[in-house]
Amino acid sequence: MSAARTTRRAVCPGSFDPVTNGHLDVIERAGVLFDEVVVAVLHNPAKRGRFPVEQRLEFLRRSLSADAPVRVEAFANRLLVDVCRDVGAVAVVKGLRGGTDFHYEVPMALMNRHLSGVETVFLPGAPQWEHVSSSLVSEVAAFGGDVSGMVPAAVLEAWRQG
Ligand code: PNS
């Protein structure tokens, strides 16, 4: 058997609008399983998100450990399978928080495999982030609720500055 080994790269895709501590947990765990992780911020420039894409990238970059084997990139109007091909990823990694995520994620995973053969690896979401999603924390924060401990400091700062 040859000792030569290519880099095994995974893509962690999402809107990350904004990144939560649950996302960060999945990205960091993906970095243990793969040689390199590309965090792909997928977006549609015609649709206004909660945060501009540049700010979502900044939140991610500020929140991820500098020595993690992770890079963060934005992709506009692209199929995930095309992103995976372009960056040379062998797998997609996603977190699964429970039944609702399962029903949303499995058809996408099967579609992506149908389109290109790329496999999706699901990591069970850590129980402390089970209820944490970008949309829920954004709603709570918008009404002045305390979301510290659910999102990284960079996101909290942005909300505190209004
Ligand atoms: O954070 P989200 O919004 O749950 O992420 C969903 C995302 C961006 C990963 C998904 O919508 C996606 O892969 N979009 C890219 C377009 C695409 O490939 N669509 C077909 C999916 S089978």
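Is Cys84 buried or exposed? With a relative accessibility of 3%, Cys84 counts as buried. That is one small corner of this predicted model, and the legends below go through several more.

**Figure 1. Here we look at the largest pocket of the predicted model.** Its volume comes to about 1,100 Å³. A total of 44 residues line this pocket, and Pro13, Gly14, Lys94, Tyr104 and Glu105 are the ones nearest its centre. Strands S1 (9–14), S4 (89–96) and S5 (119–124) each give two or more residues to the lining, and so do helices H1 (21–33), H4 (99–116) and H5 (134–142). Helix H4 has the largest share, with ten residues. Sort the lining by class and you get 20 nonpolar, 15 polar and nine charged residues.

**Figure 2. This close-up shows the second largest pocket.** Here the volume is about 240 Å³. Going along the chain, the lining takes in Ser15 and Asp17, then Leu42, His43 and Asn44, then Lys47, Arg48, Gly49 and Arg50, and finally Arg56, Asn77 and Arg78. Six of the lining residues are charged, five are polar and one is nonpolar.

**Figure 3. Now for the ligand and the residues around it.** Pro13, Gly14 and Ser15 are part of the surroundings, along with Leu42 and the run Arg78, Leu79 and Leu80. Lys94, Tyr104, Met108, Met111 and Asn112 complete the group. Some polar atoms are worth picking out. Ser15 has a polar side-chain atom 2.6 Å from an oxygen atom of the ligand. Leu80 takes part through its backbone, where a polar atom sits 2.8 Å from a ligand oxygen. For Tyr104, the distance from a polar side-chain atom to an oxygen atom of the ligand is 3.4 Å. Pro13, Gly14, Lys94 and Tyr104 may look familiar, as they are also among the residues nearest the centre of the largest pocket.

**Figure 4. Two cysteines, Cys12 and Cys84, are the subject of this view.** The disulfide count for the model is zero. Cys12 is not in a disulfide, and the cysteine sulfur nearest to it, in Cys84, is 10 Å away. Why is the sulfur of Cys84 not bonded to the one in Cys12? The two sulfurs are 10 Å apart, which is too far for a bond. Cys12 has a relative accessibility of 2%, so it counts as buried.

**Figure 5. Ser134 and its link to Pro18 come into view here.** Ser134 belongs to helix H5. Its relative accessibility is 12%, so Ser134 counts as buried. A polar atom of the Ser134 side chain is 2.7 Å from the backbone oxygen of Pro18.

**Figure 6. The last pair of close-ups takes in Gly117 and Val155.** Gly117 sits in the loop that runs between H4 and S5. With 44% relative accessibility, Gly117 counts as partly exposed. Its C-alpha atom is 13 Å from that of Val83, a residue 34 positions away along the chain. Val155 is part of helix H6, which covers residues 153–161. Here the relative accessible area is 0%, so Val155 is buried. What separates the C-alpha atoms of Val155 and Thr20, which are 135 residues apart along the chain? The gap between those two atoms is 8.4 Å.

How values were computed: Residues are numbered from 1 along each chain as its sequence is written. This is a predicted model: local features need pLDDT of at least 70, side-chain atom pairs count only at pLDDT 80 or more; totals for chains, interfaces and linings use all residues. Side-chain values use heavy atoms; hydrogens and water are left out. On a 1 Å grid over the protein atoms alone, a cavity is a set of points where a 1.4 Å probe fits but cannot get out, and a pocket is an open set with protein on both sides within 12 Å along at least five of seven lines; lining residues have an atom within 4 Å of a point. Grid points are joined across faces, edges and corners, and a volume is the space filled by probe spheres set on the points. Helices (H or I, at least four residues) and strands (E, at least two) are DSSP runs, numbered from the N terminus. Ala, Val, Leu, Ile, Met, Phe, Trp, Tyr, Cys and Pro count as nonpolar, Asp, Glu, Lys and Arg as charged, and the others, Gly among them, as polar. A disulfide is a pair of cysteine sulfur atoms within 2.5 Å. Buried means under 20% relative accessible area, exposed over 50%, partly exposed in between (1.4 Å probe, protein chains only). A residue is near a molecule or strand if one of its heavy atoms lies within 4 Å of it. A polar contact is a pair of N or O atoms within 3.5 Å; within protein, one must be able to donate a hydrogen and the other to accept it, and residues adjacent in sequence count only if both atoms are side-chain atoms.
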